[in-house]
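Subject: Structure for your review

Dear colleague,

Please find the structure below, together with its sequence. My findings follow directly after it.

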Amino acid sequence: MKYAGVLRKMSTELGNPIQYYLDMESDFLVVNQLLNKKIEITFQKYQCLSCGEDKKIFRQGFCYDCFYKMPQAGDWIMRPELSQAHLEIEDRDLEFEKSMQLQPHVVYLANSSNVKVGVTRKAQIPTRWIDQGAHEAIEIVEVPNRYLAGITEVALKEHVSDKTNWRKMLTNEVKDLDLNMEKEKLAQFIPEEVQPYFKDLHSKEVELDFPVLQYPKKIKSLNLDKTQQYSGVLIGIKGQYLIFEDGIVFNVRNYEGYIVELKV
Ligand SMILES: [Zn+2]
């Protein structure tokens, strides 16, 4: 079977294991069903997720011009502490920023290779954790806007990492930790104005089960700009990565805006 379309990150559904889906325009693929099958990926061209043109993708599925223009790519996305919609201050499009920033946000701890702190809209839980390949996670605070979540993350980053080691995540060099204990240790560092939102006894560690038949010992990332065609047997899916038998891993999210053909 052949499928073609512009890549977007896989959508997911919590389950044992997690279910992954890929929208390929006329077809909706259940990626879990491709496990143990040979898949050929061929790069065709770019299609910016905003202007739709065949221009080299810069970041987040956008071409360079769109990345610096679209409200979906403002600095407050990657740095929540820069959020200003609660002050009625516009970055690129105040209405859009209000709709995104002025809603419940969660600061969490996720363990994908090491414990890291992160911020997400409440509506994105557990999607965000799945996308990061975390095998366990816990909520620390739930606040009414993105700014409060951002300043909490900045304060906690002094005491815990905010990065994932994706190599360890994909080779499964991970430990099970008591995230409740980690959460209690960090509680004292939460900024004073956010203290009332601390989820003391109200959050529970969530375990996530990824569809991986076998973890590779060594991995190498597929770079579609350099290697425009690749084929291999799919042996796992974790985070937004497809993991192949020969140790090649493909980060679907990094290739948003690329039109590819998939042959199964
Ligand atoms: Zn564009």
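How many residues lie between E8 and E9 in the hairpin that they form? There are three residues between these two strands. Please note that the model is a predicted one.

Strand E8 covers residues 105-111 and pairs with E9 in the antiparallel sense, over seven bridges. One bridge joins alanine 110 to lysine 116 in E9. Strand E9 spans residues 115-121, and six of its seven residues are buried, so the strand is largely enclosed by the rest of the structure.

Beyond E9, a loop leads to helix H4 (127-131), and proline 126 is found in this loop. The peptide bond from isoleucine 125 to proline 126 is cis, with omega near 10 degrees. A cis peptide bond also runs from asparagine 16 to proline 17, where omega is near 0 degrees. Proline 17 belongs to the loop between strand E2 (11-13) and strand E3 (19-24).

Helix H3 comprises residues 94-101, of which Glu97, Met100 and Gln101 are buried. Viewed down the axis of H3, the buried residues fall within an arc of 85 degrees, so they line one face of the helix. Their cover includes helix H2 (75-78) and helix H5 (146-156). On the face of H3 turned away from the buried side are the exposed residues Glu95 and Ser99.

Two residues other than glycine deserve a remark for their backbone angles. Asparagine 36 has a positive phi of about 75 degrees. This asparagine is in the loop between strand E4 (27-30) and strand E5 (38-46). Asparagine 36 counts as exposed because it has 10 C-beta neighbours inside 10 Å, the cut-off for exposed being 12 or fewer. Glutamine 60, with a positive phi near 55 degrees, is found in the loop between strand E6 (57-59) and strand E7 (62-63). Having 19 C-beta neighbours inside 10 Å, glutamine 60 counts as partly exposed; a residue is buried at 20 or more.

As to the overall organisation, the domain assignment divides the chain into domain 1 (2-67 + 212-263) and domain 2 (74-207). The centres of domain 1 and domain 2, taken over C-alpha atoms, are separated by 26 Å. The contact between them takes 14 residues from domain 1 and 11 residues from domain 2. On the side of domain 1 that touches domain 2, eight residues are nonpolar, three polar and three charged.

Yours sincerely

Definitions and conventions
Residues are numbered from 1 along each chain as its sequence is written. This is a predicted model: local features need pLDDT of at least 70, side-chain atom pairs count only at pLDDT 80 or more; totals for chains, interfaces and linings use all residues. Helices (H or I, at least four residues) and strands (E, at least two) are DSSP runs, numbered from the N terminus. The arc is that of the directions from the helix axis to the C-beta atoms. Two residues are in contact if their C-beta atoms, placed from the backbone, lie within 7 Å. Two strands pair if DSSP finds at least two bridges between them. Domain bounds come from an automatic or database domain assignment. Ala, Val, Leu, Ile, Met, Phe, Trp, Tyr, Cys and Pro count as nonpolar, Asp, Glu, Lys and Arg as charged, and the others, Gly among them, as polar.
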